[in-house]
Amino acid sequence: MQILSSSFSDVPIIGILPGIPRRSKEAVHDRVGDYLFEEKPYFFVGVVWLELLFLSPFSIVNIFGILCSKPWFNTTCLIYGISIATPITIVLGELMGYGKASEKMMMMYSPSMGLGVLVFLCGLILCSSKTSLALSKRSTCFA
């Protein structure tokens, strides 16, 4: 129970990290004035854990898919794009609705939404082009 209560007060993985990521987190907080890191609302802690436990390993799998030209890469782009865009939508909604966010803070989180939409569209376009290519090959085989 101690781990659960400490996870909401602070992200425990930050204590495990070496000095460089910890200092960069503190520098971003000081420079941008990110109140989400200071106040640690429950949804934000959940988003951080989602990114650490799911999206970080998934990005490594996607890099492997790019480098090795795996056929499942397009599907993982769809999954990854939605997995990025959904939590960032929640964070941006909080930033816009609460009105406490600075312009720098909005500029820090907004590119993540663009990245999520771009990755999703990349997977969607590549999947649909392969499907249309497969359909056109099928139609010429039966003609």
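I began with Phe-64 in this predicted model, and found that Phe-64 counts as partly exposed because its relative accessibility is 42%. Trp-72 also came out as partly exposed, at a relative accessible area of 31%.

I then looked up the ring contacts and counted 4 aromatic pairs in the structure. For the pair of Tyr-35 and Tyr-98 I noted ring centres 5.6 Å apart and planes at 35°, so I entered the pair as tilted. This pair joins distant parts of the chain, since I find Tyr-35 in helix α4 (residues 35-39) and Tyr-98 in helix α6 (residues 73-98), 63 residues apart. I checked the accessibility of both partners: Tyr-35 is buried, with a relative accessibility of 5%, whereas Tyr-98 is partly exposed at 47%.

Next I returned to Phe-64 and Trp-72, which form a stacked aromatic pair with 6.3 Å between the ring centres and 25° between the planes. I also recorded a cluster in which ring pairs link Phe-54, Phe-58 and Tyr-80.

Finally I turned to the UniProt record, an unreviewed entry, which lists residues 42-65, 77-96 and 108-128 under "transmembrane region". Over residues 42-65 I read 100% helix and 0% strand, with the C-alpha atoms at the two ends 33 Å apart. For residues 77-96 I likewise read 100% helix and 0% strand, and here the end C-alpha atoms lie 28 Å apart.

Technical notes:
Residues are numbered from 1 along each chain as its sequence is written. This is a predicted model: local features need pLDDT of at least 70, side-chain atom pairs count only at pLDDT 80 or more; totals for chains, interfaces and linings use all residues. Side-chain values use heavy atoms; hydrogens and water are left out. UniProt positions are given in the numbering used here, feature names are shortened, and annotations may be inferred rather than shown by experiment. Helices (H or I, at least four residues) and strands (E, at least two) are DSSP runs, numbered from the N terminus. Rings of Phe, Tyr and Trp (its six-membered ring) pair if their centres lie within 6.5 Å; planes under 30 degrees apart count as stacked, over 60 as edge-to-face and the rest as tilted. Buried means under 20% relative accessible area, exposed over 50%, partly exposed in between (1.4 Å probe, protein chains only).
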